[in-house]
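Here are some exercises to work through with the model on your screen. Try each task before you read its solution.

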Amino acid sequence: MFIKNCWYVAAWSSEVVAGKPFARTLLDVPVALWRDANGKVIALRDRCSHRGAPLSTGRLEGDSIRCLYHGLRFDVQGRCIEIPAQERIPPGLDVPSYPVIEQHKWIWIWMGDPAKADPAKLPDNHYLDDPAWRSMEGYVHYDTNYLLIADNLLDLAHVSYVHATTLGGTEAIAKVNPKIRLSDDGVHVERWVRNTVPAPFVQKVRPYDGPVDRWMNYDFLVPGIFLMDSGNAPTGTGAPEGHRVDATEFRSTQALTPESEDATHYFFSQPHNFLIDQPEITRTIHENVVKAFLEDHQMIHDQARNLRRSSNQDFKMGSIRADEALGKYRWLVQKRLDEEAKVKVQAESY
Amino acid sequence: MFIKNCWYVAAWSSEVVAGKPFARTLLDVPVALWRDANGKVIALRDRCSHRGAPLSTGRLEGDSIRCLYHGLRFDVQGRCIEIPAQERIPPGLDVPSYPVIEQHKWIWIWMGDPAKADPAKLPDNHYLDDPAWRSMEGYVHYDTNYLLIADNLLDLAHVSYVHATTLGGTEAIAKVNPKIRLSDDGVHVERWVRNTVPAPFVQKVRPYDGPVDRWMNYDFLVPGIFLMDSGNAPTGTGAPEGHRVDATEFRSTQALTPESEDATHYFFSQPHNFLIDQPEITRTIHENVVKAFLEDHQMIHDQARNLRRSSNQDFKMGSIRADEALGKYRWLVQKRLDEEAKVKVQAESY
Amino acid sequence: MFIKNCWYVAAWSSEVVAGKPFARTLLDVPVALWRDANGKVIALRDRCSHRGAPLSTGRLEGDSIRCLYHGLRFDVQGRCIEIPAQERIPPGLDVPSYPVIEQHKWIWIWMGDPAKADPAKLPDNHYLDDPAWRSMEGYVHYDTNYLLIADNLLDLAHVSYVHATTLGGTEAIAKVNPKIRLSDDGVHVERWVRNTVPAPFVQKVRPYDGPVDRWMNYDFLVPGIFLMDSGNAPTGTGAPEGHRVDATEFRSTQALTPESEDATHYFFSQPHNFLIDQPEITRTIHENVVKAFLEDHQMIHDQARNLRRSSNQDFKMGSIRADEALGKYRWLVQKRLDEEAKVKVQAESY
């Protein structure tokens, strides 16, 4: 069960190059992506209407794509426009197309009702190409449902344990309770850890001599967009009161897109606004974040494998105070699923 | 669901060597094949009646086979003829045997009612060892249902696209409509492409300077025998009228045998009758056909994987004019399945 | 379906080292094992009560274990004793613990009702560390149900065929019928083969010049403990009458523990009481037994794969005289399963 009427990240812009179809499965649907002559990204269901062969192994001809099994050709709207040895094109041979918007290095796709694909609902991922910030492009593939990854991002207490030597550095992170509130389209979380050690990866690129205040404040937008303002600043310079002096700031920008019920695409980046003229700093930050995200990957993979065991099918997750944000989030997800199911039932009853 | 009462190819003769059992799964049934003292091929169900161990890992003793788990021994009819430490052999320990005929390098097997195993129903595969023709032995394993491979062979329009650089060479093949008619036991298809380029693989072994007429005329016998008369001849020499002058002719001989619902054995050969004293010509032809059949393998594998996705379970293949032969064929297959189901119900009702 | 109220071997003592949790799945339940400060083995269900992460990838802190996902900590009884950033520990967060006894190099675990975990019911595996005997530690993993392996051990006729060149050496073993009787908790089998050749592996370590009498007498305790007195002695020296002169004796000690319905842990050892001051003799014996058990592994793997085929689902194993012991054993297993099901129903009906 996936929320359909929302913008999902389909790919990094750099993944879809001119002249070559790109295949990716999104929400269990195979999708073929390519660029037309103007560079605009086209997205069709990656399944020829004739015998079900993938279009993505086909051939681009101008803006159209030809299936290389029996030669049917489709335009950018998915209309069948040629069948070899046949003049009339019968109805029913069109292929679904999907609204796409390319914005700030991400290709966003709308897998639900195209009439509802409102560009105004696009999340703000501008830090990915803001000239005052620097970052690199990250991608990890999960063989687990996206909800387990969302859970992970909704309780950063895990940073103390899973990321002890990379992003964390202290158990103090887990020992404070964040402030949590519902926002219009998700959950807003603020976590402050005062008078503590800096994050290990920050010490590698811009070390502090003394104690710092750390913050991790983020919006988690349903179903899977994570936008965080995080950083470190010397204790006593007033960061908690809004004065960011001598701070190392980040704007982590992440997106989860379900590949299937059992797999997830994870797009991420860690923009920073200090030392932006030193590419090796950007690279070191990125490499440390990748290392940390592979720590998550291992933990979530182990957790998912454990939950899949037949003897664990009746397991109910235990509830603790730190689950507040993920509890709110799962409630929001269910509400959206229920709304879409209701609309579907109404549509079918006319 | 498989048609049972027909001859299937179980193996190339060369695969079943003297003194050693050979194991292959056919129609989802494990079969052990071996040669008796006279070289005649024996086929038993590859499952000891005692604990279910495979007989094919057992030991041949004269014409009989001994299971090497607990030592039961079976004769060529599958009768249990020895149990260690036990004088009387109780009923119910026999193993099913299957009628087998070896003909023209292929070992044919009948997996249905043995009483119906009529040698007169054997397809004609004599080109495989006809002294006026030369060919090599081909085999490819598919992890897809055999029907998708049959579909491929029933619409040679795909030769233009899938085999552009091997068997095809021109989109003209896809742009003509073949003549199609039902035959007694399958579909007969005739495709003529006039005044066109020769097939790329033919140019490698016996090049033409000018345009040729090409033909691909075949019988596809239910459930999976493909027998084709194909070739090239210079345009204007009268090939369409039946005069084969300066022609390069082939008698492609192919057989599909289901391994299971999700896998297929594909036996094939490409006999030719020109330059038959030059083994390197025969080898080059074979290598090009293998290359082309791996192109099919890739396409059909991709198609099958696409059709297996859960989101594609409700997909109905779209119908175009080129589907005529495969439509007729699938109708014939269903008719045979229905007949066999009816006979089974009648047999059970007595 | 597993018998729950009995002692199973969870591991060799050497597998659970100080300071590091050890993970193993038993009866389809993931279990984390570790040693407390006194070296006593602790066993908890390997699933954090919070989000289901494995505890075995956690951190030992004194005798307790901390889950390294969100930091919950559990004591040796599985009680949750710490939650970061939360003072009160709510009910329902404990993790099941299992009774464990370490005895003669094996760690025994009781996966059923802890109140019934009677140490007096422990099988006698003392030959594993008896100073008069020598052996090495063996383990093989099976991807089959444990019953197929039990069947193998309950009919040693297979030694003639499966182990012709290792443990057998003659078909005479299969040609005698053993004496079989029910014991309190299993089946007792006695097989004597007189005036025959010694076992091939015995000839490698302590060869006989002439014929020997051989015996293989064992208890197979439900559900999977195999304790055998076996050996060779020169024919005519009175072994069948109880005089063991110039004998090579073994006390094979084996245990089957289901990992899941489709996989089994197989622990084994082959203690011998001759030439015990020559480690290379012990090693040669062990290596030959391992080789033989891999012969079993191959046969049982082939058998299981054959039985799993969809076309073999309706197969009923044929019955022969040699099945007597395994018939009695399977009857005992079913009786125990029925008893446990009845107790469960009674417990639920109050």
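**Exercise 1. Find how far apart the C-alpha centres of domain 1 and domain 2 of chain A lie, then describe the contact.**

Step 1. The C-alpha centres of these two domains of chain A are 33 Å apart. This is a predicted model, in which local features need pLDDT of at least 70 and side-chain atom pairs count only at pLDDT 80 or more, while totals for chains, interfaces and linings use all residues. Residues are numbered from 1 along each chain as its sequence is written, and chains are lettered from A and ligands numbered from 1 in the order in which they are written.

Step 2. Mark the bounds: domain 1 of chain A covers 7-121 and domain 2 covers 126-335. Such bounds come from an automatic or database domain assignment.

Step 3. Look at the contact, to which domain 1 of chain A gives 12 residues and domain 2 of chain A gives 12 residues. (Two residues are in contact if their C-beta atoms, placed from the backbone, lie within 7 Å.)

Step 4. On the domain 1 side, β1 (7-12) and β2 (22-26) of chain A are the elements that give two or more residues. Of these, β1(A) supplies the largest share, 4 residues. (Helices, H or I with at least four residues, and strands, E with at least two, are DSSP runs numbered from the N terminus.)

Step 5. Sort that domain 1 side by class: 7 nonpolar, 3 polar and 2 charged residues. (Ala, Val, Leu, Ile, Met, Phe, Trp, Tyr, Cys and Pro count as nonpolar, Asp, Glu, Lys and Arg as charged, and the others, Gly among them, as polar.)

**Exercise 2. Work out how helix α1 (residues 146-154) of chain A packs with α5(A).**

Step 1. Their axes are 10 Å apart, and the packing angle is about 130°. (Axes are lines fitted to C-alpha atoms, for helices over the stretch in contact, and angles run from 0 to 180 degrees between N-to-C directions.)

Step 2. Name the arrangement: that angle makes α1(A) oblique to α5(A). (Under 35 degrees counts as roughly parallel, over 145 as roughly antiparallel, 65 to 115 as roughly perpendicular and the rest as oblique.)

Step 3. Give the hand: α1(A) and α5(A) make a right-handed crossing. (A crossing is left-handed if the near helix is turned anticlockwise from the far one by less than a right angle, and right-handed if clockwise.)

Step 4. Pick out the residues: A:L148, A:I149 and A:N152 of α1(A) meet A:D296, A:I300, A:Q303 and A:A304 of α5(A). By class they are 4 nonpolar, 2 polar and 1 charged.

Step 5. Now try chain B, where the axes of α1 (residues 146-154) and α5 (residues 279-308) come within 10 Å and cross at roughly 130°. The crossing of α1(B) and α5(B) is right-handed. B:L148, B:I149 and B:N152 of α1(B) touch B:D296, B:I300, B:Q303 and B:A304 of α5(B).

**Exercise 3. Describe how chain A touches chain C and chain B.**

Step 1. Start with chain C: 26 residues of chain A contact 21 residues of chain C. On the chain A side, α2 (158-162) and α5 (279-308) give two or more residues, and α5(A) gives the most, with 5 residues.

Step 2. Sort this side of chain A: 11 residues are nonpolar, 9 polar and 6 charged.

Step 3. Turn to chain B: 21 residues of chain A contact 26 residues of chain B. Here the chain A side has 10 nonpolar, 8 polar and 3 charged residues.

**Exercise 4. What rotation superposes chain A on chain C?**

Step 1. Recall that two copies of a chain are related by a rotation about an axis and a shift along it.

Step 2. For chains A and C, the rotation is 120° with 0.1 Å of shift along its axis, at RMSD 0.0 Å. That is the relation of a three-fold axis. (Copies are superposed by least squares on the C-alpha atoms of residues with pLDDT of at least 70 in both.)

Step 3. Chain A is laid on chain B by a turn of 120° and a shift of 0.0 Å along the axis, with an RMSD of 0.0 Å.

**Exercise 5. Track down some backbone oddities in the loops.**

Step 1. Keep the background in mind: most residues other than glycine have a negative phi, and most peptide bonds are trans.

Step 2. In chain B, a cis peptide bond links B:V222 to B:P223, with omega about 0°. B:P223 sits in the loop between β14 (212-221) and β15 (225-234) of chain B.

Step 3. In chain C, C:A85 is not a glycine, yet has a positive phi of about 60°. You'll find C:A85 in the loop between β8 (80-82) and β9 (100-103) of chain C.
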